[in-house]
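Here's a quick briefing to read alongside the coordinates. Have the viewer open and click along as you go.

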Amino acid sequence: MAMEYYNSDGIKKPEQGERTRKFGMIPIAIIIAALIFLLLNSMVITKENQFKLIRQFGRVERVLTQAGLSFKIPFVESVDTIPKELLIYDLPASDVITSDKKTMIVDSYVLWHVTDPLKFAQTLSGSVSNAEGRIDAIVYNATKNTISNMKQDEVIRSRDGKMTITVEEPDTEVKGNDLELSRQEEVVEITSLTEKIMEQIGHVEDQYGIELMAVEVKKLDLPDDNKQAVYARMISERENIAAQYTAEGKSEARMIENTTDKEVSIMLSDAQAKAEATVAEGEAEYMRILSDAYSDPAKTDFYSFVRALDALKESVKGDNKTVILSEDSPIAQIFNGGY
């Protein structure tokens, strides 16, 4: 006969075997939780944009460069994460001085990434902020050394790596003894400011395990107190250049006008000479025809008759049609039958 036990509140107490089973399941749950905890602490998940450093008592044991699942010894080995993707660091604007003692403000940024995670961890403690501090110093020194060897106008021209130049080429047509030149503007490639800075930087991969992919200057400006003076000087230089071009244009215009006037004068002179020669030839032909006519008696009477009619025609112009002639007049002889 089973014995039942009740507490002071009248609630039935569990039997002895049931209590034993419940207390026996507690260690199993603890063991399972411990195993899960150890499993989770032994797993290392490496993403595509990460490097993983496995350390044992602070010393790097191995480097995980491939994405995937790996394992480590729990509580003995630790994991450090280093970025694998391309990073951008915006440098603070800094003042630099050109070779002609002009101050300029340079604002730039750097594209960089980690190439050797082990060396990166050994030299920079695997810290991105430490790397950016080192990059700041390297790029600033390279920028200062580059610009300090250049004049201010050279820095401005090399900003985009392109420069517009004026090229004078001889025309294919030569007028007279003067060889005319045509001016054309061409855009030529030059070494840009960023390329010169990169040449100064050199290689930092061997030293820190990082690579600077590019240094780009996003702003190149002048201090506020120098802007007005520089602008005034630039305006003055442009006005001088414009005045020079204007003077050269006027000189060329005068040369063209003089050449054109000379050519017109020559053409008019030639035309007038040809016209006079043609008139002279016509008069000579006219005199030859008259000479031939008067030398032939048969033609002499006819030409005299025609000339008398022409003279009469000229005499009766206008409203007055009356002509008074003497009997011996050649015209009167026409009407009297003298011809």
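Among contacts between residues at least 6 apart in sequence, 58% join residues at least 24 apart. Keep in mind that this is a predicted model. The secondary structure comes to nine helices and 11 strands, and buried residues make up 22% of the 339 residues.

**Overall surface**
- The protein has an accessible surface of about 24,000 Å². Carbon and sulfur atoms account for 55% of that surface.

**The main nonpolar core**
- The largest nonpolar core holds 33 residues, and the ones touching the most other members are Val110, Trp112, Phe120, Ile135, Val139 and Ile201.
- Helices and strands both feed into this core: α2 (117–124), α3 (128–148) and α5 (193–201) each give two or more residues, and so do β2, β6 (87–90), β8 (103–114) and β11 (210–221).
- Helix α3 supplies the largest share of the core, with six residues.
- Want a place to start clicking? Try Ile201, which, leaving aside neighbours within four places in sequence, is in contact with Ile138, Val139, Ala142, Leu212 and Val215.

**The β2–β3 hairpin**
- Strand β2 (residues 50–56) and strand β3 (residues 59–64) run antiparallel and are joined by five bridges.
- Across the pairing, Leu53 in one strand stands opposite Val63 in β3.
- Two residues sit between β2 and β3 in this hairpin. Phe57, in the turn, has a positive phi of about 55°.

**Ser94, a buried strand residue**
- You'll find Ser94 in strand β7 (residues 94–97).
- Ser94 has a relative accessible area of 18%, so it counts as buried, the cut-off being under 20%.
- Not counting residues up to four places away in sequence, Ser94 touches Met104, Ile105, Val106 and Tyr140.

**A nonpolar patch on the outside**
- Ile31, Leu35, Phe37, Leu38 and Phe75 form a nonpolar patch on the surface. Together these five residues have about 530 Å² of accessible area.
- Phe75 lies in the loop between β4 (68–71) and β5 (77–83).
- Is Phe75 buried or exposed? Phe75 counts as exposed because its relative accessibility is 60%, and the cut-off for exposed is over 50%.

How values were computed:
Residues numbered from 1 in each chain as written. Predicted model: local features only at pLDDT ≥ 70, side-chain atom pairs only at ≥ 80, totals over all residues. Heavy atoms only, no water. Helix = DSSP H or I, 4+ residues; strand = E, 2+ residues; numbered from the N terminus. Buried < 20%, exposed > 50% of the residue type's maximum accessible area, 1.4 Å probe, protein only. Contact = heavy atoms within 4.5 Å. Areas by Shrake-Rupley, 256 points an atom, 1.4 Å probe, with all protein chains shown as cover. Pairing = 2+ DSSP bridges. Patch = residues over 30% accessible without salt bridge, like charges linked within 9 Å, V, L, I, M, F, W, Y side chains within 5 Å. Salt bridge = Lys/Arg side-chain N within 4 Å of Asp/Glu carboxyl O. Core = buried A, V, L, I, M, F, W, Y, C linked by side-chain atoms within 4.5 Å.
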